[in-house]
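Trainee: Please take me closely through one packing arrangement in this model, and then follow it into the surrounding interior.

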Amino acid sequence: MLRHASGMARTDTVELPLPSPYDQLGGAPAVRRLVDAFYDAMDSDPDAAGIRRMHHADLGPIRDKLFDWLSGWAGGPQLYSQRPDRACIMSAHAPYAIGPAERDQWMGCMRTALDSLTLEPDVREMFESAFGRLANGLRNR
Ligand code: HEM
């Protein structure tokens, strides 16, 4: 306890860094689980058949790309920006027709993926609404 010259007591405070969204999600293992559950859903949910057709038959490489991108986006290691094949996220989607139906299919898979993690309700809500804004922003139709 520090005391002011006046003799008034004040509680000493220690500044702790706030946990990043990446930490709140559960770090690298959680991002990996999220990405795998996301592409598993895209690969198997008939409601996502439309966007599944827009992706390569082999989802292996994009699993790694999304893992790297999400890691940096959520405040973890900036893996995607270190990739030699990095791209601006907007231009990476420009070749694909993304309208409300594609956005909603993508979000459906992401909700399934978020369900596969055990998250505090406020953390879940933060990620779901951030993904919603992002997916809507990638619309080009
Ligand atoms: C929150 C929204 C989204 C995020 C964070 C996201 C993320 C990504 C990333 C990181 C890539 C790899 C880019 C690269 O080539 O380096 C990618 C590719 C792609 N995304 Fe998205 N995306 C989102 C929404 C969407 C939506 C709504 C669609 C709807 C069709 C979509 C379709 C695709 C396709 C077709 C590819 C290329 C797939 C492939 O190469 O097999 N994405 N996305």
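Mentor: Helices H2 and H4 pack at an angle of about 135 degrees, their axes lying 9 Å apart (helices are DSSP runs of H or I of at least four residues, numbered from the N terminus; axes are lines fitted to C-alpha atoms over the stretch in contact, with angles from 0 to 180 degrees between N-to-C directions). This is a predicted model, in which local features need pLDDT of at least 70 and side-chain atom pairs count only at pLDDT 80 or more, whereas totals for chains, interfaces and linings use all residues. Residues are numbered from 1 along each chain as its sequence is written.

H2 and H4 are therefore oblique to each other (neither under 35, over 145, nor 65 to 115 degrees), and H2 passes H4 in a right-handed crossing (the near helix is turned clockwise from the far one by less than a right angle). On the H2 side, Val 31, Arg 32, Val 35, Asp 36 and Tyr 39 meet Arg 63, Leu 66, Phe 67, Leu 70 and Ser 71 of H4.

Turning to the interior, the largest nonpolar core has 18 residues, of which Phe 38, Ala 41, Met 42, Cys 109, Met 110 and Ala 113 touch the most other members (a core joins buried Ala, Val, Leu, Ile, Met, Phe, Trp, Tyr and Cys through C-beta atoms within 7 Å; buried means 20 or more other C-beta atoms within 10 Å, C-beta atoms being placed from the backbone). H2, H4 and H6 each supply at least two residues of this core, and H2 gives the most, with six. Beyond its neighbours within four places in sequence, Met 110 is in contact with Phe 38 and Phe 131 (C-beta atoms within 7 Å).

Technical notes:
Buried ≥ 20, exposed ≤ 12 C-beta atoms within 10 Å, placed from the backbone. Contact = placed C-beta atoms within 7 Å.
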